[in-house]
Structure formats: C-alpha cells, structure tokens
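User: I have a model open and would like to go through its ligand site and a few backbone details. Can we take it point by point?

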Amino acid sequence: MTIFDKSVEGKIAFSLPEEKSYGFDPESTLSEKYIKKSSTDLPECSELDIVRHYSNLAKINYSVDHGFYPLGSCTMKYNPKINENVASLSGFANLHPLMEEDDIQGALELMFDLQNYLSKITGMDEITLQPAAGAHGELTGMLIVKKYFQSKNEKRKKVLIPDSAHGTNPASAIMAGFDVVELKSDENGILPFETVKNALDKDVAAIMMTNPNTLGLFEKDIVKIARIAHENGTLLYYDGANLNAIMGKIRPGDMGFDIIHLNLHKTFSTPHGMGGPGSGPVGVKKELREFLPVPIVNRNDEKFYFDYDLKNSIGKMRSYYGNFGVLIRAYAYILSMGNDGLKKASELAVLNANYIKCNLREIIPPAFEGVCKHEYVGYPGNLPKEYNVKTLNIAKRMLDYGIHPPTIYFPLIVHEALMIEPTETESKETLDNFIEITKKIVQEAKTDPQIVIDSPHNTYVRKLDEAKASRKPKVRWNKSS
Ligand SMILES: *Cc1c(COP(=O)(O)O)cnc(C)c1O
C-alpha cells in the first residue's frame with residue numbers, strides 16, 4: 001500500500017497556527033500569480049500515519065545490517081557505525097559549501113589528508129575527490145584523456161575495453177566522445193597481451209581495465225600491456241571498483257595505470273545500494289595533474305585552500321567539492337583500519353571468496369580455474385537441463401531463506417553467471433550458512449524444481465513478471481489504477 005492509498009481528505013500532519021494568526025495573509029501579501037488554485041494532489045495523512053508507513057517500509061527492506069549480502073562487484077561489506085558517528089558530528093554535518101576557507105580549515109585538512117591517503121594506497125600522484133560515483137569517475141577520466149590528446153594536438157578516437165568490463169566503462173567512453181573497441185578475454189578469463197598488441201594503433205587513446213577483473217581474476221599481463229600501451233602513446237585507465245581485493249598488496253600506479261577511479265562507497269565503507277550517495281575519486285600520475293577538475297585541496301605555509309590553478313583543467317564535474325559526507329566516512333575508515341588493517345581486509349576478502357568457491361565447486365563450478373580474488377563467478381552447471389531451473393530461480397529461492405542473492409547474469413561473458421562476493425566482514429559461520437543453503441537449493445532444484453522455479457514464496461513481493469515489467473513499466477502512480 002502506498003502513502004497515496006492511505007490518504008484521507010482533510011487529514012494533516014502538523015499543527016501550526018493559521019498563517020493569518022501571525023499576521024501573514026498570503027492573499028494580500030503575494031501577488032495573484034504565486035497563489036496556487038488547484039490541489040497539489042499530495043497524500044493527506046496524519047503524522048502517525050506517516051511514521052508508521054515509513055517504519056514499516058524500513059522493516060521490509062533488506063540491507064547489510066539485516067543479513068548476508070554477497071552481491072558480486074558491489075562490495076557490500078559491513079560499514080562500521082563509528083564512521084556514521086564521525087560523519088554526523090555537528091562540526092562536519094552543519095558545514096555549508098559556501099563558507100569561507102578560513103572557517104573550514106578542519107574540513108579542508110580532512111580532504112587534503114584523504115587525497116594523500118588515497119594517493120598512497122593507489123600509487124597515484126594526485127587525487128580529485130569531486131566525482132560522485134564510480135561511473136562519474138570514469139567519465140571524468142575519459143574527459144581527462146580527451147583533453148590530454150587535445151593539448152598535444154593529437155586526434156585519437158578509440159578506447160579499448162575487454163568484454164569482461166562493467167557496462168559503465170563503454171558508456172563513459174562513448175559519453176566522452178570516443179569509439180569503443182571490445183577486446184576478447186581468453187579461455188582463462190583474462191585479457192592476453194597479444195590481443196592488446198594486435199588492437200593497438202595510433203588511433204587508440206586509452207585502454208580501460210579492471211584488475212582484478214569482474215571475473216575476480218588478476219590480469220597477469222598487465223605490466224606488459226602497460227608497457228606496450230605507453231610505447232604507443234596510449235593512456236591506461238583503471239576501474240578501481242575491485243580495489244577491495246588488493247589494498248596494501250599491489251597498487252594500480254605501480255602496475256602502470258595513468259588514471260584511476262575508486263568507489264569509496266564500495267571499498268571504503270559507506271552504506272550504498274538503493275542509490276545512496278557515493279563518491280568516485282579520480283587519481284592521476286603527475287603528467288596528468290593539470291587536467292583534473294577544479295578545485296583540488298592544497299596547502300601552503302599558512303593554510304589549506306581550494307586550488308583552482310590547474311592550467312588545463314577539464315572544468316568542474318560536480319557542484320562544490322564532492323559528496324563530503326562520504327569522504328568523512330572513508331577518512332574515518334582508513335584511519336581506524338591503518339595500513340595493516342586495510343591489507344588484512346583484502347586478504348580476508350580473498351580468503352572468504354575462495355572458501356565459498358572451494359565449498360560450492362561441486363554444484364556451482366567456477367567459470368575459470370585457479371585461485372580467485374575477492375569474488376568468484378560460477379554457474380550452476382550440473383543441474384540437469386530437463387529441470388529447467390535457471391540461475392535466476394536459484395537466486396530468487398535464496399530470498400526465501402533470508403539471504404540476499406549474489407549478482408546474476410554478470411559478467412555477460414559467463415553463461416548463467418552467479419557472481420559471489422562475500423567481503424571480508426563476514427564470519428565463517430555466515431559463510432557456512434550460505435554454503436549450506438545454496439547446497440539445499442540446488443538439491444531442491446533436482447527433487448522439487450517447481451518450488452525453486454516459482455520462488456520466492458516468503459517475501460513481501462512474490463515472483464515478478466520481469467518481461468512485463470520491462471516492456472510495460474509502471475512508473476507513475478495514479479488514483480484510478
Ligand atoms: C560498481 C562498478 C562500477 C560503477 O560504479 P558506481 O559507483 O556504481 O557508479 C564500475 N565498474 C565496476 C567493475 C563496478 O563494480
């Protein structure tokens with residue numbers, strides 16, 4: 001039931017005095033054209049109706065704080081509550097972006113330090129905190145690539161992207177005006193040096209890569225690829241969504257990447273999903289510093305300040321200075337974890353993924369052999385075809401057992417893919433429970449396939465007609481329906 005369904009004409013949720021009683025009469029104060037004559041058609045509810053409505057909605061929501069959430073590629077790790085507390089300190093939360101530099105030195109220091117921490121973690125020389133998410137960072141990076149070649153008076157049109165890439169990679173390259181050339185991963189799930197070599201020519205502006213890639217595999221040819229790219233004058237872009245697998249172990253800057261983005265909301269512990277605020281800082285090597293969006297935070301002998309002095313800046317990517325609340329959480333997280341803590345987080349993320357992989361390999365064989373990084377992609381391959389049970393059904397059945405299903409049907413190159421990313425914050429008991437439930441569901445798929453096919457059964461919303469939802473989406477509420 002929506003809040004509109006609960007509307008009863010005449011109900012109100014506040015008890016302020018009539019405007020007229022404190023000497024304000026809209027009809028005589030405002031000019032005719034500002035007075036609305038027709039109804040706004042907003043729901044009319046009491047305060048208690050509204051409180052109950054939203055509390056009940058919150059109750060049926062699922063989140064990392066409710067249970068296991070192994071959504072591959074999204075790094076749904078637990079977000080320590082201390083980071084929330086720090087971000088809500090009034091000295092941070094009540095800042096206004098138009099305040100004078102002298103009055104926000106603490107906030108600027110935090111941003112300056114965060115830029116430096118992220119530079120150290122990634123091996124880059126300078127960071128902008130401005131982009132609002134990973135995809136926005138990609139666009140920022142691609143605009144930097146474009147401006148870089150413009151500044152050299154070179155026209156390069158192509159960006160090479162492996163077929164395992166996240167869909168935002170080609171989208172960002174195309175938005176920045178490039179043509180995308182898709183490169184094929186090999187039978188081991190990685191991008192071979194030879195493939196890159198054969199695709200390179202003087203028209204290639206950049207190669208976008210994710211490492212470990214979206215199959216959870218390390219691109220082992222990366223150093224050779226970086227060398228040949230640079231010999232060709234091509235820039236190497238790093239999609240850092242999978243940084244959670246390698247923190248403190250290896251750095252994209254050392255692998256040879258020129259531009260990177262990070263997803264602070266994934267790796268650095270900000271609650272995300274359902275469109276919450278994110279942050280996609282972009283890092284560059286020093287030759288590309290002058291192209292970054294303005295301002296970055298800098299310091300001189302006296303104070304911290306917004307530095308607009310970047311002579312080839314691509315301009316602004318976002319209003320003001322980025323999603324500051326997310327930056328605070330990332331800063332608190334990095335400080336509380338420390339060098340060793342971040343490294344350990346990545347080690348445990350990789351261990352947990354391999355633990356699940358080894359325990360499920362009989363029923364969900366990995367799409368590629370070998371040790372995986374922070375996530376494992378498999379497919380429920382052993383299910384006899386005649387049962388007609390698909391990955392989608394297995395994922396939906398998991399909802400009945402109270403866990404959030406892994407990512408499915410991504411990456412696109414794996415048939416019926418199931419992509420499991422447990423993250424480092426889950427205990428062995430939780431992983432064992434997930435393994436047991438998955439085994440049970442695969443067993444059900446053989447003995448009682450219809451139960452699995454018709455699932456979910458225990459959720460507020462039952463099996464959806466996905467074809468209808470995409471062909472005839474109902475995106476507007478109206479009274480008559
Ligand atoms: C999540 C993700 C992105 C996009 O990041 P957003 O922050 O959601 O915009 C890009 N690439 C990969 C591999 C991802 O997992």
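User: By class, how many nonpolar, polar and charged residues does the shell around the ligand have?

Analyst: Keep in mind that this is a predicted model. The ligand is surrounded by 13 residues. Glycine counts as polar in this sorting. By class, the shell splits into three nonpolar, seven polar and three charged residues.

User: Which residues are the closest to the ligand?

Analyst: A residue belongs to the shell if one of its heavy atoms lies within 4 Å of the ligand. Of the 13 residues that surround the ligand, the closest are Ser73, Gly134, Asp239, His265 and Lys266.

User: Which side chain has an N or O atom 2.6 Å from a nitrogen atom of the ligand?

Analyst: The cut-off for a polar contact is 3.5 Å between N or O atoms. Serine 73 places a side-chain N or O atom 2.6 Å from a ligand oxygen. Histidine 265 has a polar side-chain atom 2.7 Å from an oxygen of the ligand. The partner of the ligand nitrogen, at 2.6 Å, is aspartate 239.

User: How much of the ligand's accessible area does the protein cover?

Analyst: The ligand sits in the second largest pocket. On its own, the ligand has 380 Å² of accessible area, and the protein covers 86% of that.

User: Which element gives the largest share of the shell around the ligand?

Analyst: Two elements give two or more residues each: α6 (134-151) and α11 (264-267). The largest share is three residues, and it comes from α6.

User: Why is the pair of tyrosine 117 and tyrosine 331 stacked?

Analyst: The whole structure holds eleven aromatic pairs. Planes under 30 degrees apart count as stacked. The ring centres of tyrosine 117 and tyrosine 331 are 6.0 Å apart and their planes meet at 25 degrees, so this pair is stacked.

User: How many residues apart are the two tyrosines of that pair?

Analyst: Tyrosine 117 is in helix α5 (residues 105-122), and tyrosine 331 is in helix α12 (residues 324-360). The pair therefore links distant parts of the chain, with a separation of 214 residues.

User: Where is proline 295, whose peptide bond from valine 294 is cis?

Analyst: The bond from valine 294 to proline 295 has omega near -10 degrees, which is cis. Proline 295 lies in the loop between β7 (282-284) and β8 (296-299).

User: Which residue in the loop between β11 and β12 has a positive phi although it is not a glycine?

Analyst: That loop also holds proline 411, between β11 (407-408) and β12 (418-420). The peptide bond from phenylalanine 410 to proline 411 is cis, with omega near -5 degrees. The residue with a positive phi, about 60 degrees, is tyrosine 409.

Methods:
Residues numbered from 1 in each chain as written. Predicted model: local features only at pLDDT ≥ 70, side-chain atom pairs only at ≥ 80, totals over all residues. Heavy atoms only, no water. Polar contact = N/O pair within 3.5 Å; in protein donor to acceptor, adjacent residues only side chain to side chain. Areas by Shrake-Rupley, 256 points an atom, 1.4 Å probe, with all protein chains shown as cover. 1 Å grid on protein atoms, 1.4 Å probe; cavity = no way out; pocket = protein on both sides within 12 Å on 5 of 7 lines; lining within 4 Å. Sits in = over half its atoms within 2 Å of the grid points. Helix = DSSP H or I, 4+ residues; strand = E, 2+ residues; numbered from the N terminus. Phe/Tyr/Trp six-rings, centres within 6.5 Å; stacked < 30°, edge-to-face > 60°.
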